[in-house]
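I opened my notebook and set out to look up a few things in one structure. Here is what I looked at.

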Amino acid sequence: MRANKSKPAKGLNLIGRLLLKFCLWFLGLTFFWVLAFRFINPPITFLMVQRGFERKTEGKNWKIEKEWLNSNELSDNLKKAAVAAEDVNFLKHWGFDFKAMELAFEKNQKSKRIVGGSTISQQTAKNVFLWPGRSYIRKGFEVYFTTLIELLWGKERILEVYLNVIETGDGMYGAEAASQKYFMKSAKRLSRGQAALLVAVLPNPLRWSPAKPSRYIYYKQGLILRNMRRIGKLPF
């Protein structure tokens, strides 16, 4: 009888040890993955791959247009516009703006249009390390990777990666590809108005375009320009 009773206990102990090993391996691998991308520019993201396959199923050519610009090469106007449009408290929080989340939740209860409360850090984490979609599991991983990049990268690197991997059009990623396409100039030389216009379409760059701004996009551009004046100069 004792032998029979010990078998379930041994089985649970084995499962516990396997889970512990899995967790330790996961933590170790993801830590070094995130640390590596502090120095190595992410070559591709899950969203880029998904969009590529979507184009193929529609009978289009595979297309991923992107060109990396380092932080010191990106226009100050562009960096300021991104913060003004997407995350005004970017320099103050540690990856999560709980007040913005609360406001977004309240707006979503009253409107059919979904408003996001994600910070630039959260958007960067999910763009670089996670698959597209919505689920509680994915959100949990997003929290984990957001915490890691805040600890290991710092704000300048987070904003640099964000502006280089964000979807900016059909098969286009990053500010440089979009700037060359829509303004015939490098993202190094964007004016305040151009930077604000480019960032204004980021929530849905497949629907909106800086080349043909709607009244709504011009309205958003104006709001972003006002926020840019309030933010002042960024420390990087």
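My entries below cover a core, one residue and a pocket.

**Entry 1: the model.** I noted that this is a predicted model.

**Entry 2: the core.** I looked up the largest nonpolar core and found 51 residues in it. Which residues have the most contacts inside it? I wrote down Val34, Leu78, Phe129, Trp153, Leu159, Tyr162 and Ile224. I then picked Leu78 and left aside its neighbours within four places in sequence. Leu78 is in contact with Leu163, Ala175, Ala187, Leu190, Ala195 and Val199.

**Entry 3: Met48.** I found Met48 in helix 2, which runs over residues 46-57. Is Met48 buried or exposed? Its relative accessibility is 1%. Buried means under 20%, so Met48 counts as buried. Next I listed its contacts, again without neighbours within four places in sequence. Met48 is in contact with Ile64, Lys66, Val165 and Tyr173. I also checked Met48 against Gly171. The two are 123 residues apart in sequence. In space they are 7.6 Å apart, C-alpha to C-alpha.

**Entry 4: a pocket.** Rolling a probe the size of a water molecule over the atoms shows where empty space is left. I turned to the second largest pocket, which holds about 160 Å³ of space. Its lining is made of Val83, Val88, Asn89, Phe90, Leu91, Lys92, Asn227, Arg230 and Ile231. I sorted these lining residues into five nonpolar, two polar and two charged. Which helix gives the largest share of the lining? I found helix 10, residues 215-231, with three residues.

Terms used. Residues numbered from 1 in each chain as written. Predicted model: local features only at pLDDT ≥ 70, side-chain atom pairs only at ≥ 80, totals over all residues. Heavy atoms only, no water. Core = buried A, V, L, I, M, F, W, Y, C linked by side-chain atoms within 4.5 Å. Buried < 20%, exposed > 50% of the residue type's maximum accessible area, 1.4 Å probe, protein only. Contact = heavy atoms within 4.5 Å. Helix = DSSP H or I, 4+ residues; strand = E, 2+ residues; numbered from the N terminus. 1 Å grid on protein atoms, 1.4 Å probe; cavity = no way out; pocket = protein on both sides within 12 Å on 5 of 7 lines; lining within 4 Å. Points joined across faces, edges and corners; volume = space filled by probe spheres on them. Nonpolar A, V, L, I, M, F, W, Y, C, P; charged D, E, K, R; others polar.
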